[in-house]
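Biologist: Thanks for making time for me. Could you walk me through the parts of this model that catch your eye?

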Amino acid sequence: MSGPVAATTPISRPPVSHRQEPPRTPRNPLVFRWLRERASLIVGLLVLVLAAWALHYMLKEFRYREVVDHLQTLPVSAFVKALTLMMLSYWTLTGYDVSALHYIGVKLPYRTVALASFAGYAIGNNVGFMMLSGGSVRYRIYSAAGVGASDVARVIAFCGLMFTVGITAVGAAGLLVGADTMAPMLRLPPRAVEAIAALLILALLAAIAVAGLVRRPLRLWRWTLILPSPTFLLVQIAIASLDILLSGGVLWVLLPGDPSLSYGGFLAVYSAALVSGLLSHLPGGLGVFDSIIIVGLSPHLPVSAVLGALVAFRAIYYLVPLVAAGLLLAANELKSQRHLATLALRLVGGWVSIMVPWAMAAMTFIGGVIILIDGAVPSTPWRMAEIRAVVPGPVVELSHLVASLIGAALLLLARGLYRRLESAHTATTLLMAIGILATLLKGLDYEAAALLAVMLAVLAPCRPEFRRPAALTDLNFSPGWMAAILAAVVASLWLALFAFQHVSYAADLWWQFGPDADAGRSLRAAATVVVAVLYATARPLLRPRAVQPPLPDLDDLAHIRHVLPTTTRPDAAVALAGDKCLLFNDARTAFVMYAVRGRTWLALGDPVGPEAEQAELIWRFRELCDRRGSRPAYLEVSAAVLPLYLDVGMTLLKMGDEARIPLGDFSLDHPDRADLRARVEQCRALGYRAAIVPQSLVGTLIPQLLDLASTWRQITGHRDKAFTAGPPVAAYLTEFDLAVIYQDQRVVGFANLLNGQLGGIDLVRVLPGAPAGLLDLLVVTGIDWARNRGCPVFSLGLTPPADFESNHFAMLWQRFDLAFFTLGEHFGAMPALRHYKARFAPLWEPRYLACPGGLVPGQVLADATMLVKEGPRGFTAR
């Protein structure tokens, strides 16, 4: 650090490890740990396999050519109607967001709302986990437009609730009208189906009645729910119902007509399939949605016609909006690069640039799926004849194999695009260009070639957003990504089996070449794809088990001292305690400090060092955790860097506020600080004297300092905090200047002074029983010291929230976990601590926990509590 810390050579010592042992490997048996970590992957694959088996069983009597014939016989007018209904459906979806913003009293331009709604639904429909993926897009766009985090959360919850209400209304109406259609599917009598529909309608009417009768807000613990008016609720039911009517209409116009199937009966089946697909969390409800549609409609329509309509439906309702969303995001990116947008649009563009990797990854993944499907099905005979007339047969056969491998590679490279890897962007653009040529040479598949060309045109201008230099060989695949990749491969294999189910398998199929050898080409391509994907996804599992990260050595501590003057984090100096692991950048000019407890790898604060290095270190820490099969978390991160944490897939939980005192006009003579001035003067009148002890002389006071720390522990019963604070040991204290309080020649209080670009205090000890103003005298002495050194701000550290209800990022159970952590770290009442710091009139800067969503925050906060309190015994010992 600068000043005395940089001017004096620190005491030579080994790294401090007085409290935290090096991270250890959990003792759980490896097989149980492996199953636990991949439970979601196993469940997702099981659902997919069951859906694929059900589809195969239902379609075993039908031929692939029958499905293709139905698609070819669809009139152009059917596609025009489907496209029109799709656009009307996505336009109706904006009604959710418009209504939600009106409900919470927020006004935004419609173009902003439309962008958030369209991009959120287009990406969420294809990726799955709508509340997470679509909610993240909304958060990014709305927060950039000035909407608070709590309001964004309410918008997301409102949209989900209104969709539930709408699908209940439409499904109930469908059950009532189409009871005869749903009865065989549900294995119930038609009267029972009508009774279920009536109960659902009564529940909706009861909800509307409650909204009209209860005028006061409903309060559940710390949650307050303001019920909308009955009119407003009816409008939302109408909007949600219209959305489902329109989206269902897209599939309806693609189906052949049949007098025995009414639109009401169809909507009942469609609603049941839609809900089941959403609950499966598979991308687009793949397999689950389709199985229910086929089961529900097969008594009325030919299965081959239903399957053909489903293929067209997915292309129109899922793929077209996804490509359109990618084009919109790319257009915004180009505008941002050319600096032609207004300041407001550039602000949104900054958030949009964060969404670009997500959109490009989803688009590339979909492109890979399409190429795999194209390689799994038979070629069109006249196209194959035309291409073989001008291209040698071996080239055609090789192009088919290359195209399928490119499809598999795009599935894998989507992960690299999501990680913003420059090499992934380069490889993807190159493979897309080769794929265009390969799809044409293998059978004049100009539709797939045109789609790849569009995707290439969208992806190429986004090169500036892929700046990370990591190698593709370092890619790791999370359970979710592995599930999606394997689902795509399984789907293409199933389609190949369906297309060639009437071809008897024989060993000579592998060696059949020629215009009519579609089954052999598909078999060779499928085997090659399976081997390539299994190798790429399983290769990280075959690496030697990584050694647990070591604690810093003397060389690491020396680099820490050089980095500290470059950061605006006063608390970064706690890295000198030597009890946290370090992750440096390549130049060792920035680092992340972290600790390990179980599967939680907990980074303390934002990366320390130049701002330009923060994004890369946040990504590296995330990828390091992925390689170890651990859960990453970032504790006490600042609001300015939140987009970077969202970029790596984290969710946010507000922990509290850092109290920062502006030193430019700080004075005890201010009328608002009269009480503070009186307490300080009282201590001085009682004979207490404050002094600054430079780092070079701290060693002479070590016996008194350690004796005071020991006395403080014995009398108060408190334990020294770990992880977030430095330890009261000689090796740590001699790194800093100290503010010391004397009574005669006896040390009765001290605080180490953190000196970087900003000032602050970390470790504070005051003799129990001393006047209450002694702590004020220490803080004022530190403030004067920092101001004399030219520091613009003095930090008093993290303060718990004044009211956990104001934590807009947290759900109810998360607030309990946060309270548990905060009480574990700060002794005494939280309001008293905040009230004490408020007397210095600080600026309150929010601090957050960034970690994966779901139930993970609770486990992370529990692990953080144990790290801070040094295990369960520390927590019970206050």
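Biologist: Is arginine 847 buried or exposed, and at what relative accessibility?

Modeller: Keep in mind that this is a predicted model. The cut-off for buried is under 20% relative accessible area. Arginine 847 counts as buried because its relative accessibility is 8%.

Biologist: Which residue forms a salt bridge with arginine 847?

Modeller: Side chains of opposite charge can pair when their charged atoms come close. Here the closest N and O atoms are 3.4 Å apart. The partner counts as partly exposed, at 30% relative accessibility. The residue you want is glutamate 845.

Biologist: Where is arginine 660, and which side chain does its own side chain join in a polar contact?

Modeller: Arginine 660 sits in strand β7, residues 651-662, and is buried with a relative accessible area of 12%. Its contacts include Glu845 and Arg847, the pair we just discussed. A polar atom of its side chain also lies 3.4 Å from the backbone oxygen of threonine 568. The side-chain polar contact, at 3.1 Å, is with glutamate 658.

Biologist: How far apart are the closest N and O atoms in the salt bridge of arginine 713 with aspartate 720?

Modeller: The two ends differ in cover: arginine 713 is partly exposed, with a relative accessible area of 31%, whereas aspartate 720 counts as buried at 12%. They form one of the 28 salt bridges in the structure. The closest N and O atoms are apart by 2.7 Å.

Biologist: Which helix gives the largest share of the largest nonpolar core?

Modeller: That core has 69 residues, and Leu251, Leu254, Tyr270, Ile293 and Phe313 touch the most other members. The largest share is 11 residues, and they come from helix α14.

Biologist: How many residues of helix α13 are buried?

Modeller: Helix α13 runs over residues 288-297 and is mostly covered. Among its buried residues is Ile293, which is in contact with Leu251, Val269, Tyr270, Ala273, Val306 and Leu310, leaving aside neighbours within four places in sequence. The buried count is 9 of 10.

Biologist: Which helix gives the largest share of the nonpolar patch on the surface?

Modeller: The patch is formed by Leu88, Trp91, Val98 and Tyr110, with about 400 Å² of accessible area together. Tryptophan 91 is exposed, with a relative accessible area of 54%. The largest share of the patch is 3 residues, from helix α5.

Note on methods:
Residues numbered from 1 in each chain as written. Predicted model: local features only at pLDDT ≥ 70, side-chain atom pairs only at ≥ 80, totals over all residues. Heavy atoms only, no water. Buried < 20%, exposed > 50% of the residue type's maximum accessible area, 1.4 Å probe, protein only. Helix = DSSP H or I, 4+ residues; strand = E, 2+ residues; numbered from the N terminus. Core = buried A, V, L, I, M, F, W, Y, C linked by side-chain atoms within 4.5 Å. Contact = heavy atoms within 4.5 Å. Patch = residues over 30% accessible without salt bridge, like charges linked within 9 Å, V, L, I, M, F, W, Y side chains within 5 Å. Areas by Shrake-Rupley, 256 points an atom, 1.4 Å probe, with all protein chains shown as cover. Salt bridge = Lys/Arg side-chain N within 4 Å of Asp/Glu carboxyl O. Polar contact = N/O pair within 3.5 Å; in protein donor to acceptor, adjacent residues only side chain to side chain.
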